[in-house]
Amino acid sequence: MKHQLYIFILFLGLAIPATAQIKDTTASFSLQEAIAYAQTHQVSITNAKIDEQIAINTVKQTIGIGLPQVSANASFQDYLKVPTSLLPGEVFGQPGTQIPVKFGVKFNSSVGLEINQLLFDGSYLVGLKASRTYKELSTKSTTRSRIETAVAVTKAYYSVLVSNEQLALLDANLERLKKSLNDTEQMFKNGFVEKIDVDRLSVLNNNLLTERENVIRLLALNVNLLKFQMGMTIGSKLALTDKISNVNIDKSPVLGDSQAFNKRIEYSLLQTQKKLNELDVKRYKSLFLPSLGAFGSTSSNFQNDKFSNLYDTRFPTTVIGLRLSVPLISGGQKLYQLRNAKLASLKTDNELINLQNAINLEVNQAQTVYFNGQQSLENQKRNMDLAKEVLRVTKIKYDQGVGSSLEVTTAETALKESQNNYINALYDMLINKVNLDKALGNINY
């Protein structure tokens with residue numbers, strides 16, 4: 001028993017670290033890996049795939065309408081009171097009277113088989129085409145969900161990278177400012193500077209610490225947003241392998257594309273919807289045509305006054321035939337249904353023209369914003385480099401006794417402001433690039 005207890009404790013000791021290791025596992029993703037993960041885990045894409053399966057089943061369901069329809073039936077009847085009819089007395093030699101006569105037997109039973117086959121129905125033929133177009137629509141809807149997910153993941157990924165870059169700049173500023181603060185405190189103790197010089201740097205240091213805490217919280221929020229866009233649980237751990245310095249920002253001139261709408265999934269979806277509207281018009285037109293179907297049935301009837309002898313004798317019946325249905329008057333319902341279908345198709349034509357103009361406008365706006373972002377990022381980068389140089393020279397002058405602490409504080413503040421402007425310009429540039437690629441239809445999945 002003791003040996004079993006020792007073995008149990010040993011396995012328990014091995015299991016606990018293993019469990020903790022599993023829980024502490026951190027998933028690392030590059031941008032492309034994060035997008036690929038989202039393509040298989042994002043709920044919107046998963047539901048879009050389910051809609052595709054529903055569309056496939058709908059097509060098969062529509063096809064099944066034109067296939068043979070077979071049904072079987074069976075019945076059993078026990079006449080507790082056999083039906084009675086009155087016959088003229090002349091039949092029985094009793095003129096002027098009515099003779100009650102029971103028709104039928106107490107027990108009746110039947111079994112049968114019936115088959116129906118549609119031979120011609122215009123609405124069915126149009127429905128087949130419409131069901132396949134509906135399947136095409138669901139497939140394109142999945143593509144749209146994939147593209148939207150890729151865009152959302154990319155933006156969230158860039159937000160985390162920018163927050164990391166901002167945090168790195170703040171850490172560098174804090175490290176430099178902490179050294180300056182320590183040096184100034186020593187100089188104050190030795191009587192070389194005034195207390196206000198220490199206080200100014202302390203204020204800057206406290207502000208940077210507060211800003212760093214805010215950035216850390218914002219970074220955690222951005223990471224959780226990225227997890228959500230990827231389809232990960234919020235409690236899971238996530239690390240990014242890409243660096244902001246490795247992001248390729250194309251600085252070449254952006255050329256206009258007046259045909260970009262042809263590459264946009266939204267335009268393709270609306271074109272498919274137009275096909276459905278046109279098929280809807282054909283379907284309502286086909287309702288004015290006759291329909292033809294074939295049928296056949298066979299059955300066996302059993303009758304007897306005694307239940308024990310009910311199935312001794314069989315009375316078979318078999319019939320085949322055609323059924324023609326010709327619509328004549330429907331109160332104008334079909335006519336107005338057809339008119340509404342034509343109007344819906346006309347609306348889609350107008351929406352296609354409007355969407356084409358909207359996409360061209362979106363492309364022009366995205367190009368302008370992207371170009372302005374390029375210029376702004378370059379300017380803010382130069383301003384940040386200049387602010388660093390100003391701070392370096394100002395500190396040298398201060399250390400040599402020919403500058404004031406106010407100049408150092410002003411230079412520190414200017415550097416922090418230029419860094420914030422650079423971070424904002426960098427984030428805007430990355431987001432603008434994603435928006436431009438989306439507007440041009442360059443994001444495909």
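## Worked exercises: cavities, helices and rings

The largest cavity has a volume of about 80 Å³. This is a predicted model, so keep that in mind as you work through the exercises below.

### Exercise 1. The largest cavity

Work out which residues line the largest cavity, which helices supply them, and how the lining divides by class.

*Solution.*

- Step 1: set the scene. The structure holds four cavities of 30 Å³ or more.
- Step 2: list the lining of the largest one. Arg-144, Ile-147 and Glu-148 belong to it, among others. Lys-263, Arg-264, Ile-265 and Glu-266 are also part of this lining. Asp-437, Lys-438, Gly-441, Asn-442 and Ile-443 complete the list.
- Step 3: assign helices. At least two lining residues come from each of H4, helix H6 (265–286) and helix H8 (405–440). H4 has the largest share, with three residues.
- Step 4: sort by class. Seven of the lining residues are charged, three are nonpolar and two are polar.

### Exercise 2. The second largest cavity

Find the volume of the second largest cavity and describe its lining.

*Solution.*

- Step 1: take the volume. This cavity holds about 50 Å³ of space.
- Step 2: name the lining. Asn-173, Arg-176, Leu-177, Leu-204 and Leu-208 take part, together with Glu-412, Thr-413 and Lys-416.
- Step 3: place the lining on helices. H4, helix H5 (195–230) and H8 each give at least two residues.
- Step 4: sort by class. Here the division is three nonpolar, two polar and three charged residues.

### Exercise 3. The largest pocket

Describe the largest pocket by its volume, the residues nearest its centre, and the helices around it.

*Solution.*

- Step 1: the volume is about 380 Å³.
- Step 2: of the 22 lining residues, Leu-31, Gln-32, Thr-154, Tyr-158 and Asp-437 lie nearest the centre. Asp-437 may look familiar, since this residue also lines the largest cavity.
- Step 3: H2, H4 and H8 each supply at least two residues of the pocket lining, and H4 gives the most, with six.
- Step 4: by class, 14 lining residues are nonpolar, four are polar and four are charged.

### Exercise 4. Two helices and their spans

Check whether the end-to-end distances of H7 and H3 agree or disagree with the spans expected at 1.5 Å a residue.

*Solution.*

- Step 1: begin with H7, which covers residues 333–399. Its 67 residues should span 99 Å at 1.5 Å a residue.
- Step 2: compare. The end C-alpha atoms of H7 are 93 Å apart, which agrees.
- Step 3: look past the end of H7. Gly-401 follows the helix and has a positive phi, near 85 degrees.
- Step 4: repeat for H3 (residues 43–65). This helix has 23 residues and reaches 33 Å from its first C-alpha to its last, close to the expected 33 Å.

### Exercise 5. How H3 packs

Identify the buried residues of H3, the helices they pack against, and the contacts of Ser-131.

*Solution.*

- Step 1: the buried residues in H3 are Ile-45, Ala-48, Ala-55, Val-59 and Thr-62.
- Step 2: these buried residues pack against helix H2 (31–41) and helix H4 (122–189).
- Step 3: zoom in on Ser-131, which sits in helix H4. Its relative accessible area is 5%, and buried means under 20%, so Ser-131 is buried.
- Step 4: leaving aside residues up to four places away in sequence, Ser-131 touches Val-59 and Thr-62. Both of these contacts are on the list of buried H3 residues.

### Exercise 6. A cluster of rings

Explain what Phe-307 ties together through its aromatic pairs, and how far apart in sequence the partners are.

*Solution.*

- Step 1: the structure holds six aromatic pairs. In one of them, Phe-76 and Phe-307 meet edge-to-face, 5.9 Å centre to centre with 90 degrees between the planes.
- Step 2: Phe-76 lies in strand E2 (residues 69–78) and Phe-307 in the loop between strand E7 (291–304) and strand E8 (315–325), so the pair ties together parts 231 residues apart in sequence.
- Step 3: Phe-107 and Phe-307 form an aromatic pair that is also edge-to-face, with 5.6 Å between centres and 65 degrees between planes. Phe-107 is in strand E5 (residues 107–120), 200 residues from Phe-307.
- Step 4: check exposure. Phe-76 is partly exposed at 44% relative accessible area, and Phe-307 is partly exposed at 49%. Phe-107, at 9%, counts as buried.
- Step 5: put the rings together. Phe-76, Phe-107 and Phe-307 form one aromatic cluster.

Definitions and conventions:
Residues numbered from 1 in each chain as written. Predicted model: local features only at pLDDT ≥ 70, side-chain atom pairs only at ≥ 80, totals over all residues. Heavy atoms only, no water. Helix = DSSP H or I, 4+ residues; strand = E, 2+ residues; numbered from the N terminus. Expected span 1.5 Å × (residues − 1). Buried < 20%, exposed > 50% of the residue type's maximum accessible area, 1.4 Å probe, protein only. Contact = heavy atoms within 4.5 Å. 1 Å grid on protein atoms, 1.4 Å probe; cavity = no way out; pocket = protein on both sides within 12 Å on 5 of 7 lines; lining within 4 Å. Points joined across faces, edges and corners; volume = space filled by probe spheres on them. Nonpolar A, V, L, I, M, F, W, Y, C, P; charged D, E, K, R; others polar. Phe/Tyr/Trp six-rings, centres within 6.5 Å; stacked < 30°, edge-to-face > 60°.
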